[in-house]
Amino acid sequence: MKDAAERHQREAICRFGRSLFERGLTPGSSGNISVRLDDGGWLVTPTNASLGFLDPARISRLDAQAKLISGDAPTKEIPLHRALYETRGSARAIVHLHSTHAVALSLLPEIDPRAVLPPVTPYYLMRTGETALLPYYRPGDPAVGDAIRGLAGKYAAVLLANHGPVVAGDTLEAAVFATEELEETAKIYLLVRGLNPRFLSKQQVLDLVQRFDLNLPHTDGDEPK
Ligand SMILES: [Zn+2]
């Protein structure tokens with residue numbers, strides 16, 4: 001028998017997965033979700049499984065070394081999840097999507113790899129924080145794990161070029177909401193790109209950082225050139 005907490009997490013993965021899929025936020029069998037459990041092991045969505053049609057009983061159960069204990073074979077994007085958990089100590093859940101606007105954003109020449117989006121809305125900064133861009137890697141390439149480790153846990157949200165976002169959260173709900181916020185902010189950016197939009201000023205960003213105790217890599221005296 002699985003304990004109640006694990007059963008609850010299995011059901012939550014299926015519920016959020018279905019919600020993301022039904023809103024067109026990750027097509028086909030793309031995207032994956034993981035949750036870290038109290039024993040250091042994790043639950044993760046199986047390889048080639050659509051997030052829209054997950055079965056709680058078939059979710060992959062891994063031990064703390066990411067070895068499969070039960071359920072279907074896990075997503076081949078395990079290196080992504082593993083590296084982000086290793087470097088983000090507080091992370092309890094990770095969401096990875098192939099969401100249209102975030103992927104489109106990752107192709108643009110003007111993107112600052114240390115902050116893929118300007119401060120478009122307060123909620124982007126409050127829920128997602130700044131997002132780092134990583135170069136293209138073949139799906140499942142273990143080198144992507146080293147690239148994530150290279151960010152030293154400074155970013156909860158990472159955008160893989162030509163692929164999609166990977167976002168960690170303290171809870172599954174927080175990781176899902178942060179991923180949605182990234183996708184919606186990318187959409188807004190693409191809508192106003194080239195229209196001389198007014199983003200939040202440096203002062204407005206600093207006010208949010210202070211008021212909500214935000215930890216943004218850029219505003220810690222590491223200004224982009
Ligand atoms: Zn992917």
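**Notebook: sheet, zinc site and a buried glutamate**

I began with strand β7, residues 157-160, in this predicted model. Both of its faces are covered. A157 and L159 are buried on one side, V158 and L160 on the other. That fits the rule that side chains in a regular strand alternate between the two faces of the sheet.

Next I looked up the partner strand β6. Four bridges join β6 to β7, and the two run parallel. L134 stands opposite L160 of β7.

I then traced the whole sheet. Eight strands form an open sheet with mixed pairing. I read the order as β4-β3-β2-β1-β5-β8-β7-β6. β4 and β6 (131-134) stand at the edges with a single partner strand each, so one side of each lacks a neighbour in the sheet. Neighbouring strands are turned by 25° against each other on average, direction ignored.

At the β4 edge I checked the pairing with β3 (residues 60-62). Two bridges join these strands, which run antiparallel. L62 has L68 in β4 as its bridge partner.

I looked for what lies across this part of the sheet. Helix α1 (residues 4-22) lies across β1 (32-36), β2 (42-44), β3, β4 and β5. I noted its direction as about 155° to β1.

Then the zinc ion. Which protein atoms are its donors? I found E77 (OE) listed twice, plus the NE2 atoms of H96, H98 and H163. They lie 2.0 to 2.6 Å from the ion. Along the chain the donors follow the spacing E-x18-H-x1-H-x64-H. E77 sits in the loop between β4 (68-70) and α2 (78-87), and H98 in the loop between β5 (93-96) and α3 (100-106), so this pair ties together parts 21 residues apart in sequence.

I compared the accessibility of the two loop donors. E77 counts as buried, because its relative accessibility is 7%, under the 20% cut-off. H98, at 27%, counts as partly exposed.

My last entry is on E181, in helix α6 (residues 172-192). What is the nearest side chain of opposite charge to E181, and how far away is it? I found R127, at 4.1 Å. The cut-off for a salt bridge is 4 Å, so E181 is buried yet has none. Leaving aside neighbours within four places in sequence, I listed the contacts of E181 as T121, Y123, Y124, R127 and T128. R127 is thus in contact with E181 without a salt bridge to it.

Technical notes:
Residues are numbered from 1 along each chain as its sequence is written. This is a predicted model: local features need pLDDT of at least 70, side-chain atom pairs count only at pLDDT 80 or more; totals for chains, interfaces and linings use all residues. Side-chain values use heavy atoms; hydrogens and water are left out. Donors are N, O and S atoms within 2.8 Å of the metal (3.2 Å for Na, K and Ca); water is not among the atoms, so sites may look incomplete. Buried means under 20% relative accessible area, exposed over 50%, partly exposed in between (1.4 Å probe, protein chains only). Two strands pair if DSSP finds at least two bridges between them. Axes are lines fitted to C-alpha atoms, for helices over the stretch in contact, and angles run from 0 to 180 degrees between N-to-C directions. Contact means heavy atoms within 4.5 Å. Lys and Arg count as positive and Asp and Glu as negative; His and the chain ends are not counted.
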